[in-house]
Amino acid sequence: MIDGGIGTNIRSLNQTTLSALVIPFPSISEQARIVDRLETLNSETQRLASIYQRKLAALDELKQSLLHQAFSGQL
């Protein structure tokens, strides 16, 4: 624990204080698991974005078709 401050307010921050900080990292296997999960989520996000774009395009086509039919008296 760093004495002399609360939150980000540290009175004295020097090399000795920084060297004493312990920053834990996940194990290599845990890091690999996290990367795999993130890659899966990224793939799923891209898939969903693609579906969303196709649906937007289809809705735009439908709108244009309906407008054309409405103004040409076909509805």
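A salt bridge here is a side-chain nitrogen of Lys or Arg within 4 Å of a carboxyl oxygen of Asp or Glu. Keep that cut-off in mind for two of the views below, and remember that this is a predicted model.

**View 1. Arg47 pairs up with Glu44 in a salt bridge.** The closest N and O atoms of Arg47 and Glu44 sit 2.7 Å apart, so the pair falls within the 4 Å cut-off. Both residues belong to helix α2, and because they are 3 residues apart there, about one helical turn separates them. Neither end of the pair is hidden away as buried: Arg47 is partly exposed at 42% relative accessible area, and Glu44 is partly exposed too, at 34%.

**View 2. Glu30 and Arg33 make a salt bridge through their side chains.** The N to O distance for this pair is 2.8 Å. Once again we're in helix α2, with Glu30 and Arg33 spaced 3 residues apart, or about one turn of the helix. Glu30 comes out as partly exposed, with a relative accessible area of 29%. Arg33 is partly exposed as well, and its value is 48%. If you go hunting through the whole structure, the search turns up 2 salt bridges.

**View 3. Six side chains build a nonpolar patch on the surface.** The contributors are Tyr52, Leu56, Leu59, Leu62, Leu66 and Leu75, and together they make a patch of about 620 Å². Take Leu66 as a sample member: this residue lies in helix α2, which covers residues 28–71. Is Leu66 buried, partly exposed or exposed? Its relative accessibility is 40%, so Leu66 counts as partly exposed.

**View 4. The protein chain, zoomed out a little, runs β-β-α-α along its sequence.** That adds up to 2 helices and 2 strands. Of the 75 residues in the chain, just 1% are buried. The accessible surface of the chain is about 7000 Å², and carbon and sulfur atoms account for 60% of that area.

**View 5. Strand β1 and helix α2 mark the two ends of the confidence range among the chain's elements.** Strand β1 (residues 5–6) has the lowest mean pLDDT, at 54. Helix α2, home to both the Glu30 and Arg33 pair and the Arg47 and Glu44 pair, has the highest, at 97. Across the protein chain the average pLDDT is 89, and 87% of the residues score at least 70.

Definitions and conventions. Residues numbered from 1 in each chain as written. Predicted model: local features only at pLDDT ≥ 70, side-chain atom pairs only at ≥ 80, totals over all residues. Heavy atoms only, no water. Helix = DSSP H or I, 4+ residues; strand = E, 2+ residues; numbered from the N terminus. Buried < 20%, exposed > 50% of the residue type's maximum accessible area, 1.4 Å probe, protein only. Areas by Shrake-Rupley, 256 points an atom, 1.4 Å probe, with all protein chains shown as cover. Patch = residues over 30% accessible without salt bridge, like charges linked within 9 Å, V, L, I, M, F, W, Y side chains within 5 Å. pLDDT = per-residue confidence, 0-100.
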